[in-house]
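These are my notebook entries on a single model, written down in the order in which I looked things up. I begin with one side chain and its partner, and then move on to other parts of the chain.

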Amino acid sequence: MKVAVSSTGKNLDSNASNVFGRCPYFIIAEIENKKITKTEAIKNISAGQMGGAGISAAQTVAEKDVKAAITGNIGPRASDVLKQFNIEVYKGSGIVKEVLQKFIDNKLERIQ
């Protein structure tokens, strides 16, 4: 399963971002057997857009074939795009690595 985390930096020791559409990076983590097996950092090129950043950021994440997204906060339009791709959204804050572990342990709150 692939999971996207909005992040302030390029690695697992970075902080999860409080925003989705304008976060600097997304960390894409592959999780197998309750372990993080592979990660990839992608620059969020939507962050600098005048408008529609959330929508295009959501499309970028969806193209990575993720099943869940974790962020501090997400706007309604970005949330709608993720719903269209059947991507569940969870609220998470702190270090990316720790947020992913909370996700694996089913300890994150789902954003409806």
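Does Lys64, at 25% relative accessibility, count as buried, partly exposed or exposed? I kept in mind that the model is predicted, and I found that Lys64 counts as partly exposed, because its 25% lies between the limits of 20% and 50%.

**Entry 1: salt bridges**

I then looked for the partner of Lys64 and found a salt bridge with Glu40, in which the closest N and O atoms are 3.1 Å apart. This pair links distant parts of the chain, since Lys64 sits in the loop between helix 1 and strand 4 while Glu40 belongs to strand 3, residues 35-43, and the two are 24 residues apart. For Glu40 I noted a relative accessible area of 34%, so Glu40 is partly exposed as well.

I searched the whole structure for such pairs and obtained five salt bridges. One of them joins Lys97 to Asp13, with 2.9 Å between the closest N and O atoms. Lys97 is in helix 3 (residues 96-104) and Asp13 is in the loop between strand 1 (2-7) and strand 2, so this salt bridge ties together parts that are 84 residues apart in sequence. I read a relative accessible area of 40% for Lys97, which is therefore partly exposed, whereas Asp13 counts as exposed at 53%.

I also wrote down the salt bridge between Lys67 and Asp65, whose closest N and O atoms are 3.7 Å apart. Lys67 counts as partly exposed, because its relative accessibility is 42%.

**Entry 2: positive phi values**

Asp65 came up again when I went through the backbone angles. Most residues other than glycine have a negative phi. I found that the phi of Asp65 is near 60°, a positive value in a residue that is not glycine. Asp65 is placed in the loop between helix 1 and strand 4 (68-71), and I noted the residue as partly exposed, with a relative accessible area of 49%.

Asn86 was another entry of this kind, with a positive phi of about 55° although the residue is not a glycine. I located Asn86 in the loop between helix 2 and strand 5 (88-91), and at 64% relative accessibility Asn86 counts as exposed.

**Entry 3: nonpolar cores and aromatic pairs**

Which members of the largest nonpolar core touch the most other members? Of its 18 residues, I found these to be Phe20, Phe26, Val61 and Leu82. Strand 2 (25-32), helix 1 and helix 2 (76-84) each supply at least two residues of this core, and helix 1 gives the most, with four residues. I also recorded a second, separate core of 15 residues, which includes Ala29, Tyr90, Val96 and Phe103.

How many aromatic pairs does the count come to? I obtained two. In the pair of Phe20 and Phe26, the ring centres are 5.1 Å apart and the planes stand at 55°; an angle over 60° would count as edge-to-face and one under 30° as stacked, so this pair is tilted. Both of these phenylalanines are buried.

Tyr90 and Phe103 form an edge-to-face pair, for which I noted 5.3 Å from centre to centre and 75° between the planes. Tyr90 lies in strand 5 and Phe103 in helix 3, so this pair ties together parts that are 13 residues apart in sequence. I checked accessibility here too, and both Tyr90 and Phe103 are buried.

**Entry 4: Ser56 and Ile111**

I looked up Ser56, which is placed in helix 1 (residues 53-63). Ser56 counts as buried, because its relative accessibility is 16% and the limit for buried is under 20%. Not counting residues up to four places away in sequence, I found that Ser56 touches Ser46 and Gln49.

My last look was at Ile111, in the segment after strand 6 (109-110). Its relative accessible area is 23%, so I entered Ile111 as partly exposed. Leaving aside neighbours within four places in sequence, Ile111 is in contact with Thr71, Ile74, Val89, Tyr90 and Lys91. I also noted that Ile111 and Val19, 92 residues apart in sequence, are 13 Å apart in space from C-alpha to C-alpha.

Key: Residues numbered from 1 in each chain as written. Predicted model: local features only at pLDDT ≥ 70, side-chain atom pairs only at ≥ 80, totals over all residues. Heavy atoms only, no water. Buried < 20%, exposed > 50% of the residue type's maximum accessible area, 1.4 Å probe, protein only. Contact = heavy atoms within 4.5 Å. Core = buried A, V, L, I, M, F, W, Y, C linked by side-chain atoms within 4.5 Å. Salt bridge = Lys/Arg side-chain N within 4 Å of Asp/Glu carboxyl O. Phe/Tyr/Trp six-rings, centres within 6.5 Å; stacked < 30°, edge-to-face > 60°.
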